[in-house]
Amino acid sequence: MEMKTDFLIIGSGVAGLTFALKVARHGTVAIVTKKGIMDSNTARAQGGIASVFGKLDSFDLHIEDTLASGDGLCNQEVVELVVKGGPQRIRELIDLGVQFNISKEEEDLPEPSLDLGQEGGHSRKRIVHANDMTGLELETVLVKHVHDHANIQVFENHMAIDLITVSTRMKRCMVTTTHEDFCCGAYVLDAETQTVHTFNAGITLLASGGAGKVYMYTSNPDIATGDGIAMSYRAGATVANLEFVQFHPTCLYHPEAKNFLISEAVRGEGGILVDTSGRRFMEAYDPQKDLACRDVVARAIDTELKKSGDDSVYLDISHKPADFVKQRFPNLYDKCLDFGVDMTAEPIPVVPAAHYMCGGVATDVMGRTDIQRLYAIGETACTGLHGANRLASNSLCEALVYADTAARQAVTDFKSNDAAMTAETFPWDEVGTTDSDELIMVSHNWDEIRRCMWNYVGIVRSDKRLARARRRLENIQAEIDEYYWGFRVAPDLIELRNIAMVAELIVKCAMHRKESRGLHYNIQYPQRDDRRWRKDTVLRRPFVG
Ligand SMILES: Cc1cc2nc3c(=O)[nH]c(=O)nc-3n(C[C@H](O)[C@H](O)[C@H](O)COP(=O)(O)OP(=O)(O)OC[C@H]3O[C@@H](n4cnc5c(N)ncnc54)[C@H](O)[C@@H]3O)c2cc1C
């Protein structure tokens, strides 16, 4: 099937859905999403959205905190754009029907104010939240509006395989790029019918989220396989700063708990980290103790675990009144109880896990990639907001502000579009004609990549470990390339190709940076070196045309 649309959106998290609602007034919109519409990192977000509403807060303070966390690599213009744009985007969500918590003391006033949480690295209370399920509330409201919109069509279980650019269209070849290319849509696999469709679009938006699944332990759901980063790199776009992978310090440690995060807000409300003997240890690592930035806390836990040989450390909030804990963290409380942990009465066992990708597809301040008519926003993008380390809860704010900024630019771009650019695309070439009979190879390679990344490219890195990872990944890549073209494409195979590529790009970026900064820590170069390395790590595939 060939499908024509004005705006093609890849991904149905907060970034894709918000952008869709904004551009739908100007043209037809197709959202393709590889599983159900709600399957996203967004729906898992617990803590909330960082934004300036507090009486004691200011834009300058939020900017200062974001720059401090980014450790010298943030783009100041982008930081200002996102911080100053936050409150208006949150008011827009409230108008759409999102129910954020309001301050208890002001509940009865005619204009009650939002209840603000505190998280690590923030000098003021500024986390707007809907209990401890902020993302689910956002996603639910946005999905409702998207379904109600006559101009928006949603294609669930449709997985984008590759972008279509003018050079691929003309040469019918997936490896050539001139770097002066136009994007005119994507090839998309309908997972139910196993058919590849051509989606022809005036503007294409990548809103395909993060890449946590590249690592063995992650807080991310299964969709987070870095598809947007891999697709855009293959198409010739620039990707940047992939060495900066944020590890969340506190995921529930339990054999049956897959990806369950214990929000930073627990530490914001007075939770403390202790070891097996009940000893507090964060004061030995940072003056902000348990509220230090995530990378500091994750490294501290990693060090403690390596020293003690224990499987986990513990997060203890049992000293707070049980009613308060249950009311503030209803979801966490229930989930922990499901796994036999009563957080009101005992400490929660926790370990760090891959959580957020600060790098991604490089964009300008309007969300444009360097392939024309291809935009990237949300976690898949590298806008320059996070620098070397994301400040907690800045990502939802970034996705909202960039959905607005990029939508306005994309509409202008669309209106000045040369229709001929979207006129003709070739159908997907069924390179492999038979179904795979060796799926064991796919699952084996998945495991090997994720284990290799966890062991050698994790929280603490060294040149030797990175070199070892590179060698392993090169072998796996060669096997996948050989296998990929021999069989009909299938979701697992597409994702395997993507995680292998993203893993390779992370290693390349990490090997390139000969210093430690933000989330990237290499024991060979433990210091930050501003003279040589205060710059982004930028990768672009070589021109092979
Ligand atoms: C457990 C957890 C808690 C978090 N808590 C917070 C928080 O409190 N505050 C905060 O600011 N941030 C938080 N984050 C981060 C934040 O949730 C994400 O960065 C943000 O939601 C990303 O939104 P997105 O729209 O870019 O991507 P996502 O919400 O991940 O959506 C990506 C979409 O793309 C689709 N997709 C991917 N590949 C393809 C493909 N090939 N074809 C078609 N569709 C595809 C996916 O199915 C999905 O629909 C948290 C993340 C996690 C995992």
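**View 1. Tyr 187 has Thr 198 in strand β9 as its bridge partner.** Strands here are DSSP runs of E with at least two residues, helices are DSSP runs of H or I with at least four, and both are numbered from the N terminus. This is a predicted model, where local features need pLDDT of at least 70, side-chain atom pairs count only at pLDDT 80 or more, and totals for chains, interfaces and linings use all residues. Residues are numbered from 1 along each chain as its sequence is written, and side-chain values use heavy atoms, with hydrogens and water left out. Tyr 187's pairing belongs to strand β8 (residues 183-190) and β9, which run antiparallel over six bridges; two strands count as paired if DSSP finds at least two bridges between them. The two strands make a hairpin with four residues between them, and in the turn Gln 194 has a positive phi of about 60°.

**View 2. Strand β9 also has parallel partners.** With strand β1 (residues 2-10), β9 pairs in the parallel sense over eight bridges, and Leu 8 has Thr 204 of β9 as its bridge partner. Strand β16 (residues 374-376) pairs with β9 in the parallel sense too, over three bridges; look there for Leu 206 opposite Ala 376. How many of the twelve residues of β9 are buried? Eleven are, so strand β9 (residues 195-206) is largely enclosed by the rest of the structure. Buried means under 20% relative accessible area, exposed means over 50%, and partly exposed is in between (1.4 Å probe, protein chains only).

**View 3. Here is the largest nonpolar core, with 78 residues.** A nonpolar core is a set of buried Ala, Val, Leu, Ile, Met, Phe, Trp, Tyr and Cys residues joined through side-chain atoms within 4.5 Å. Ile 449, Met 453 and Ile 506 touch the most other members. Helix α14 (residues 491-512) chips in the largest share, 13 residues. Skipping neighbours within four places in sequence, the contacts of Ile 449 (heavy atoms within 4.5 Å) include Val 214, Leu 473, Ile 480 and Leu 496. A second, separate core has 52 residues, among them Ala 15, Val 98, Ala 403 and Ala 407. In soluble globular proteins, nonpolar side chains tend to be buried together.

**View 4. Four strands make an open sheet in the order β17-β15-β10-β18, with mixed pairing.** At the edges sit β17 (381-382) and β18 (538-539), each pairing on one side only. Strand β15 (residues 360-362) pairs with β17 in the parallel sense over two bridges, with Val 361 opposite Ala 381.

**View 5. Helix α3 bends by about 40° at Gly 86, and Pro 87 follows within four residues.** The bend is the angle between axes fitted to the seven residues ending at a residue and the seven starting there. Buried residues of α3 include Val 78, Val 82, Gly 86, Pro 87 and Leu 93. Among the elements covering them are α1 (14-23), α2 (59-70), α4 (134-148) and α11 (394-415).

**View 6. Two loop residues have a positive phi without being glycine.** Asp 71, with phi near 55°, sits in the loop between α2 and α3. Ser 393, with phi near 65°, lies in the loop between β17 and α11. Is Ser 393 buried or exposed? With a relative accessible area of 8%, Ser 393 is buried. Most residues other than glycine have a negative phi.
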